[in-house]
Amino acid sequence: MHKSETMSGNAPENNPLLPGGLIPIEEWMLPGASVSRTLVGTVGYWLEQLRAEITRPDESFDSLDGLPELSADQLQQLAPEPDCQLHGQALTDAVQRLREADQCRRSVLLLVAPPFTGVAQALRCFPDCKTIRQRQDAPEQGGSKNYRLILPPVNLLMDAETARQWWQNQPMDQPWVISELAAFWRRHHDGLALVQELLRLLAADQAGEGVIGCSSWCWQFWSNYYPDAQLTPWVPAPMTDERLGLWLQQLACRNGAQIPVVRTTTDGLYVLPLESADDKEQNKKRKHANLLRNLAADSRGIPGVALAIWQRALRARPEVDADDTADESTEQGNLRGNTAHSWVVPLSQLRLPVMPVSQERNFGLVLHALLLHEGLTIADLGLVTAIHEPDLSLALSRLLRADIISAIAPTAEQAEHIAKNHLDATVDKNDAESKIWRVTPLGYPTTRRHLQSWGFPLDVF
Amino acid sequence: MQELGLKDALDSITSQALMQALMLIIVASLINFAVQKILPQIASRLGGKPRLYLLASVPLLRLVIIVFTIILVVPTLVKPSFENMLAIFGALALALGFAFKDYANSLIAGIVILYEMPYRPGDWVEIDGHYGEVRAIGTRAAKLVTPDDTVIVVPHGRLWNSLIANGNDGTDHLMCVAEFHLQPHHDMAKVMRLLRNVAFTHPLAKTWKPVQVVVSNQPWGMIYRVKAYPVEPSAQFRFISELTAVGAKVMAREGIRFVSAPVVGS
């Protein structure tokens, strides 16, 4: 049974851009799946591993079901990527509310989030976001300054003195934001100094007012490195089935469209829109599927992973509801969302990327390093994993074929930053050396399971 | 002796029966001798697994020959009456009881091991100076595989008398220690910090387990012991090796030298 929450977003926990708001890390809980789903998922994973061991398949990832997926334009309309600006604004408001409610007394607020939550991208938009007070004040009143984004240096291997001087040169006298702390260090005995110095400044309350975004994997490392440092981080609330439904609805409605109707392909049960009180008043009898609950559990409450699975599960051939008196023009595959339906395959029929079988630990070392640092170039990967060529390239190629990882060219902003800070560096977007390797959202669930089975340190999410 | 019926049993042995038994024993001995000499020669001309299987079959064949000889000889010498058999098996049981005393000891120890679990398959243990992974626990003995891939068979009877050191005790947490023997006159706090970073940033380190650096002073210098846990026990050797290598590199960069050889004072 789904109950729709208010879409006004006035209460922080009901903002569809940040469902549940920010909560202390101790209150975070994994969305639960049904017992059958958990058992089927676990058994299915091990059967896939055994099958891969026996048959040694091609290992390239391809979907199993025959229904055509949505085109890029259709996906952009029905399940687009979140708007970083809007997300950043929602975060800004949430942070402001925390400070005004005196829930966060520290001058520097630490935001920890699992990968693919979009927090880092949203924090990068902080300099362009206005706080509630700034929006309320008249422009001529000035008001508080906007956040200033602090970017990491290109060379992260430095000693303590160099790190101290670097932080002294940063503008910490005005509100600042670090979008991703993982970019400020490398898992190398010479790569810790910057973050060590930053944490020293935080402990001594010499860092001014700021917001630090930190990946959960990065947080796992540093919370163990300094077990007595009580930094009381805040985290976005996990995406339960209700929050996920709200979030997916607001994504689809972003372009002014109405809430789409999405039903499962097998039995026609409704997934969207969520069940509301209006349905009961109008005696609309709609049976809802359990898909959102399973989606929340499979994605571990992480919106980016859930969206990737949702995009993969959506199917073409929208059909008209048999109850409606629709005409042929509506049945033209038109996804304006007014009366057309969209379809989604049940998650049990969806084949997600499977980890290639290997007797060595190289896969785990590579994947753990990529999650720890939210993406690495091949040179940095060799530095933090101590895996030499050609083993490193072999591992990367197998993981790439299985769609577990992807290689992304640096953005224009990243290239400019490198060129500005490192005069000798020339960033060629087509150069393999400058590409950044990351774990894919679809590959994240199997990655985490693989790391857990091999004994690697895991995040708390 | 009379009560056991041995006298009657021995009285029934005739000279013909003795000759028959002697002939059987001689033939069996010749066959045994041939098996011991010929089969290894044949095996030396083969290679690979056939050679190993043939060599392994030699003691088995000898055992089969001996058993068959006993089965054939005993009825020849002794009439298989109830009293005779009782006498013979009684004597046999007494002899076997003394011979298998240690075997029974290990069998009972094996049962105790199932309850107390001083070691399990997958544990890394040290018994009587031999360190290795427990691969299998049989009825009488456990098999240990050393880091040099040598299999050591440890009778369970060792449980009663030996000290058994278990590194991980059924878990996947095995503490590894990398030692650094350094010359004195350096900043010890800095060295401890550096070595802790070396261990903590190792890709195979279990960061949620404690990483400690313990230092002790010796007449010839300082010993630093870096204690950390790898992600799984089988990675211990790579873990220790790389900790030592990276730690040595860091020490060299700091200008801190290793002790060449410990100097034993008089």
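**Sheets of chain B and the contacts of chain A**

In strand 3 of chain B, B:A142 is the bridge partner of B:I137. The model is a predicted one: local features need pLDDT of at least 70, side-chain atom pairs count only at pLDDT 80 or more, and totals for chains, interfaces and linings use all residues. Residues are numbered from 1 along each chain as its sequence is written, while chains are lettered from A and ligands numbered from 1 in the order in which they are written.

Strand 2 (residues 130–137) and strand 3 (residues 141–145) of chain B pair in the antiparallel sense, over 4 bridges. Two strands count as paired if DSSP finds at least two bridges between them. Helices (H or I, at least four residues) and strands (E, at least two) are DSSP runs, numbered from the N terminus. Both strands belong to an open sheet of 5 strands in chain B, with the order 4-3-2-1-5 and antiparallel pairing. Strand 4 (151–155) and strand 5 (164–166) of chain B are the edge strands; each has a single partner strand, so one side of each lacks a neighbour in the sheet. On average, neighbouring strands of this sheet are turned by 40° against each other, direction ignored. For such angles, axes are lines fitted to C-alpha atoms, for helices over the stretch in contact, and values run from 0 to 180 degrees between N-to-C directions.

The loop between strand 3 and strand 4 of chain B holds B:D149. Although B:D149 is not a glycine, its phi is positive, at about 65°. Most residues other than glycine have a negative phi. B:D149 is exposed, with 7 other C-beta atoms within 10 Å. A residue is buried if 20 or more other C-beta atoms lie within 10 Å of its own, exposed if 12 or fewer, and partly exposed in between, with C-beta atoms placed from the backbone.

Another open sheet of chain B has 3 strands in the order 6-8-7, again with antiparallel pairing. Strand 6 (176–182) and strand 7 (212–218) of chain B stand at its edges; a single partner strand serves each, so one side of each is left without a neighbour in the sheet. The average turn between neighbouring strands of this sheet is 20°, direction ignored. Strand 7 and strand 8 (residues 221–228) of chain B run antiparallel and are joined by 7 bridges. B:Q218 stands opposite B:G221 in strand 8 of chain B. Helix 7 (residues 188–200) of chain B packs on the sheet and touches strand 6, strand 7 and strand 8. The direction of helix 7 makes about 30° with that of strand 8 of chain B. Helix 8 (residues 236–253) of chain B lies across strand 6 and strand 8, at about 30° to strand 6. Strand 7 and strand 8 of chain B are connected by a hairpin through 2 residues.

Overall, chain B has 8 helices and 8 strands. Its radius of gyration (taken over C-alpha atoms) is 30 Å, well over the 18 Å that the globule rule gives for 266 residues, so chain B is more spread out than a compact globule. That rule is 2.2 Å times the number of residues to the power 0.38. The C-alpha atoms of chain B fill a box of roughly 95 × 50 × 45 Å along the principal axes. Of the 266 residues in chain B, 19% are buried.

At the interface, 16 residues of chain A are in contact (C-beta atoms, placed from the backbone, within 7 Å) with 15 residues of chain B. Helix 8 (216–225), helix 13 (362–372) and helix 14 (378–385) of chain A each supply at least two residues of the side that touches chain B. Helix 8 of chain A gives the most to that side, with 3 residues. By class, the side of chain A that touches chain B has 10 nonpolar, 5 polar and 1 charged residues. Here Ala, Val, Leu, Ile, Met, Phe, Trp, Tyr, Cys and Pro count as nonpolar, Asp, Glu, Lys and Arg as charged, and the others, Gly among them, as polar.

The largest nonpolar core (buried Ala, Val, Leu, Ile, Met, Phe, Trp, Tyr and Cys residues joined through C-beta atoms within 7 Å) has 140 residues, and A:L111, A:A306 and A:V366 have the most contacts inside it. Helix 13 of chain A gives the most to this core, with 8 residues. Residues touched by A:L111 include A:V119, A:V211 and A:W234.

Two peptide bonds of chain A deserve mention. The bond from A:L272 to A:P273 is cis, with omega near 0°. A:P273 sits in the loop between strand 8 (270–272) and helix 10 (277–281) of chain A. The bond from A:E389 to A:P390 is cis, with omega near 0°. A:P390 lies in the loop between helix 14 and helix 15 (391–401) of chain A. A:A386 is found in the loop between helix 14 and helix 15 of chain A. Its phi is positive, about 60°, although A:A386 is not a glycine. A:A386 counts as partly exposed, with 19 C-beta neighbours inside 10 Å.

Definitions and conventions:
Two residues are in contact if their C-beta atoms, placed from the backbone, lie within 7 Å. Lists of a residue's contacts leave out its neighbours within four places in sequence.
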